[in-house]
Amino acid sequence: MFSNIPHWLFHDLSRRRKLRSARTCAVLCGLVLAASAGAQQTGPAPVVVQPGAPGQPSKRLPASTTAKLPPRSHTDVEFMQGMIMHHSQAVEMTALIASHTENKDLRTLGARISSSQSDEIKFMKRWLAARGEALSMAMPGMPDMDKSGQAMPLMPGMLTPEQMEALRKAQGAEFDRLFLTGMIQHHNGALTMVKDLFDTAGAGQDAELFNFATDADNTQRAEIRIMQAMLEKKIPEEKQ
């Protein structure tokens with residue numbers, strides 16, 4: 001139904017993910033080599049040096065010094081918890097594609113969104129667990145309520161229950177239209193969440209979180225352009 005989609009956008013997403021995988025592999029290889037070198041070392045213990053502040057001398061620390069996770073703000077934790085909820089709805093939306101449309105371009109896009117956001121959910125859960133934080137803002141056993149007992153608000157851009165129900169009932173071209181408009185709304189909400197994170201003083205300083213949020217922002221901007229192109233291509237065809 002949607003022909004001549006700008007494939008460079010798809011290739012751009014693939015290139016970004018390959019670069020991210022390459023960076024991850026490089027870090028892991030570096031850690032393995034460092035561990036191996038440490039295991040084989042027979043000389044004196046390595047010197048651990050803490051760089052000083054500007055204008056201040058460095059400090060030599062005990063060899064037993066171990067690395068600690070960087071400090072995080074409450075906003076960092078809420079961002080990750082909220083983004084898990086946000087991504088989960090996107091994955092739920094893409095799960096409808098197989099039974100609601102035969103559109104090959106939409107199926108390809110949906111598979112990409114589902115795969116990338118499912119992987120990112122796993123990363124966010126690991127990030128929270130490593131810091132002893134809950135994986136959700138919701139009260140245990142009550143997913144519609146937060147830990148203060150208040151109704152859980154939707155994250156920016158998330159589809160309302162009514163929008164989700166309309167998407168579930170739609171088929172074919174109508175489903176395609178609702179999915180594209182809904183996912184563009186959804187992605188724009190994620191961009192708002194990233195902006196709010198970086199606009200908050202002291203938040204987003206953790207290196208892993210910073211890289212994740214920046215990569216998510218870039219990826220979702222590219223996917224928005226893909227969906228807008230698909231939507232614009234479809235509208236003239238329907239008017240004929």
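**Figure 1. Salt bridge between D199 and K195 in helix α6.** D199 and K195 lie 4 residues apart in helix α6, so about one helical turn separates them. In this predicted model, their side chains meet in a salt bridge with an N to O distance of 2.6 Å. Because its relative accessibility is 53%, and the limit for the exposed class is over 50%, D199 counts as exposed. K195 is likewise placed in the exposed class, with a relative accessible area of 52%. Elsewhere in the chain, E92, E165, R168 and K169 are joined into one network by salt bridges that share partners. The count of salt bridges comes to 9.

**Figure 2. Salt bridge between R131 and D206.** The closest N and O atoms of R131 and D206 are 3.2 Å apart, and the two residues form a salt bridge. This pair links distant parts of the chain, its members being 75 residues apart. R131 belongs to the loop between α4 (104-130) and β3 (138-139), whereas D206 belongs to the loop between α6 (172-199) and α7 (207-239). Both R131 and D206 are buried.

**Figure 3. Salt bridge between E102 and R107.** The side chains of E102 and R107 meet in a salt bridge, with 3.6 Å from N to O. The pair satisfies the criterion because this distance falls within 4 Å. E102 has a relative accessible area of 66% and is exposed. R107, at 33% relative accessibility, counts as partly exposed. In general terms, side chains of opposite charge can pair when their charged atoms come close.

**Figure 4. Packing of helix α2 against helix α5.** Two packed helices are described by the angle between their axes and the distance between the axes. Helix α2 (residues 74-94) and helix α5 (residues 161-169) pack at an angle of about 20°, and their axes are 11 Å apart. Helix α2 is therefore roughly parallel to α5, since angles under 35 degrees fall in that class. On the α2 side the contact involves Q89, E92 and M93; on the α5 side it involves M164, L167 and R168. By class, the contact of α2 with α5 has 3 nonpolar, 1 polar and 2 charged residues. E92 and R168, which take part in this contact, also belong to the salt-bridge network that includes E165 and K169.

**Figure 5. Surroundings of H100 in helix α3.** H100 is found in helix α3, which spans residues 97-100. With a relative accessibility of 10%, H100 counts as buried, because the limit for that class is under 20%. Leaving aside residues up to four places away in sequence, H100 touches L167, R168, A170, Q171, G172 and F175. Among these residues, L167 and R168 also take part in the contact of α5 with α2.

**Figure 6. D176 and R177 in helix α6.** D176 has its place in helix α6, as does R177. D176 is buried, with a relative accessible area of 0%. The side chain of D176 makes a polar contact of 2.7 Å with the side chain of T101. R177, by contrast, counts as partly exposed at 34% relative accessibility. A polar contact of 2.7 Å joins the side chain of R177 to that of E174. The C-alpha atoms of R177 and M227 are separated by 10.0 Å, the two residues being 50 residues apart along the chain.

**Figure 7. A216 in helix α7, with the chain as context.** A216 is found in helix α7 and counts as buried at 5% relative accessibility. From C-alpha to C-alpha, A216 and Q117 are 9.0 Å apart in space, while 99 residues apart in sequence. For the chain as a whole, residues 24 or more positions apart account for 75% of the contacts with a separation of 6 or more. The chain has 7 helices and 4 strands, and its elements run α-β-β-α-α-α-β-β-α-α-α from the N terminus on. Of the 240 residues of the chain, 36% count as buried.

Terms used: Residues are numbered from 1 along each chain as its sequence is written. This is a predicted model: local features need pLDDT of at least 70, side-chain atom pairs count only at pLDDT 80 or more; totals for chains, interfaces and linings use all residues. Side-chain values use heavy atoms; hydrogens and water are left out. Buried means under 20% relative accessible area, exposed over 50%, partly exposed in between (1.4 Å probe, protein chains only). Helices (H or I, at least four residues) and strands (E, at least two) are DSSP runs, numbered from the N terminus. A polar contact is a pair of N or O atoms within 3.5 Å; within protein, one must be able to donate a hydrogen and the other to accept it, and residues adjacent in sequence count only if both atoms are side-chain atoms. Axes are lines fitted to C-alpha atoms, for helices over the stretch in contact, and angles run from 0 to 180 degrees between N-to-C directions. Angles under 35 degrees count as roughly parallel, over 145 as roughly antiparallel, 65 to 115 as roughly perpendicular and the rest as oblique. Contact means heavy atoms within 4.5 Å. Ala, Val, Leu, Ile, Met, Phe, Trp, Tyr, Cys and Pro count as nonpolar, Asp, Glu, Lys and Arg as charged, and the others, Gly among them, as polar.
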